[in-house]
Amino acid sequence: MSKKTVSYTLDTLPPLTAAQKANLSSLAALPDEEIDTRDIPELSDEQWQSAVRGQFCKPTKALVTARLDRDVLEWLKSQGSGYQSRMNAILRRVMLEAQKRGAQ
């Protein structure tokens, strides 16, 4: 049995039912101290030290002009289509390695 994937955008979301609106209103009115967070583990200060902002989001792309050595550009292009994505991946790997070493 195959399942059809359904996706929505903000423009195509079905309207909330009266019951859903009432539930959301009651949750919004609930004071923070009455929210049961027992199933959510507390994070220690040590865990927050290694937290990375935006780790799971896709970075936006920026259009840039860069001057590259011709042989470097030819090598990137010789690997097939997608040389700009490959160049980005190489730079990202170097950036992440530098961040691990503590270099900025």
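Helices here are DSSP runs of H or I with at least four residues, numbered from the N terminus. The model is predicted.

**Exercise 1. Place alanine 62 and judge its exposure.**

Task: Between which helices does alanine 62 lie, and is alanine 62 buried or exposed?

Solution.
- Step 1: Locate the residue. Alanine 62 sits in the loop between α2 and α3.
- Step 2: Take the cut-off. Exposed means over 50% relative accessible area.
- Step 3: Apply the cut-off. Alanine 62 has 64% relative accessibility, so it counts as exposed.
- Step 4: Add a distance. Proline 14 is 48 residues away in sequence, and the two C-alpha atoms lie 34 Å apart in space.

**Exercise 2. Work through two other residues of that loop.**

Task: Classify glutamine 55 and alanine 51 by relative accessible area.

Solution.
- Step 1: Place both. Glutamine 55 is in the loop between α2 and α3. Alanine 51 is in the loop between α2 and α3 too.
- Step 2: Classify glutamine 55. Its relative accessible area is 52%, so it is exposed.
- Step 3: Classify alanine 51. Its value is 44%, so alanine 51 counts as partly exposed.
- Step 4: Check the separations. Glutamine 55 and glutamate 34 are 21 residues apart in sequence and 31 Å apart, C-alpha to C-alpha. Alanine 51 and aspartate 11 are 40 residues apart along the chain, with 34 Å between their C-alpha atoms.

**Exercise 3. Describe the overall fold.**

Task: How many helices and strands does the protein chain have, and why is the chain called more spread out than a compact globule?

Solution.
- Step 1: Count the elements. The protein chain has 4 helices and 0 strands.
- Step 2: Read the order. Along the sequence the pattern is α-α-α-α.
- Step 3: Compare radii. The radius of gyration is 24 Å, while the globule rule gives 13 Å for 104 residues. The value is well over the rule, so the chain is more spread out than a compact globule.
- Step 4: Look at the box. Along the principal axes, the C-alpha atoms fill roughly 65 × 40 × 35 Å.
- Step 5: Look at burial. Buried residues make up 3% of the 104 residues.
- Step 6: Look at the surface. The accessible surface is about 10800 Å², and carbon and sulfur atoms account for 55% of that area.

**Exercise 4. Test the length of helix α4.**

Task: What span should helix α4 have at 1.5 Å a residue, and how far apart are its end C-alpha atoms?

Solution.
- Step 1: Count the residues. Helix α4 covers residues 83–101, which is 19 residues.
- Step 2: Apply the rule. The expected span is 1.5 Å times one less than the number of residues, so α4 should span 27 Å.
- Step 3: Compare. The end C-alpha atoms are 27 Å apart, which agrees.
- Step 4: Look past the end. Just after α4, glycine 102 takes a positive phi of about 95°.

**Exercise 5. Find the charged pair and the nonpolar patch.**

Task: Which side chains meet in a salt bridge, and which residues make the nonpolar surface patch?

Solution.
- Step 1: Count the salt bridges. The structure holds 1.
- Step 2: Name the partners. Aspartate 36 and arginine 38 meet at 2.7 Å, N to O. Side chains of opposite charge can pair when their charged atoms come close.
- Step 3: Check exposure. Aspartate 36 is partly exposed at 46%, and arginine 38 is exposed at 74%.
- Step 4: List the patch. Leu16, Leu24, Leu27, Leu30 and Ile35 make a nonpolar surface patch of about 420 Å².
- Step 5: Take one member. Leucine 24 belongs to helix α1, residues 18–29. Its relative accessible area is 47%, so leucine 24 is partly exposed.

**Exercise 6. Weigh the confidence.**

Task: Which helix has the lowest mean pLDDT, and which the highest?

Solution.
- Step 1: Take the chain average. The mean pLDDT is 89, and 97% of the residues score at least 70.
- Step 2: Rank the elements. Helix α2 (residues 45–49) is lowest with a mean of 89, and helix α3 (residues 70–78) is highest with 96.

How values were computed:
Residues numbered from 1 in each chain as written. Predicted model: local features only at pLDDT ≥ 70, side-chain atom pairs only at ≥ 80, totals over all residues. Heavy atoms only, no water. Patch = residues over 30% accessible without salt bridge, like charges linked within 9 Å, V, L, I, M, F, W, Y side chains within 5 Å. Areas by Shrake-Rupley, 256 points an atom, 1.4 Å probe, with all protein chains shown as cover. Salt bridge = Lys/Arg side-chain N within 4 Å of Asp/Glu carboxyl O. Helix = DSSP H or I, 4+ residues; strand = E, 2+ residues; numbered from the N terminus. Buried < 20%, exposed > 50% of the residue type's maximum accessible area, 1.4 Å probe, protein only. pLDDT = per-residue confidence, 0-100. Rg over C-alpha atoms; globule rule 2.2 N^0.38 Å.
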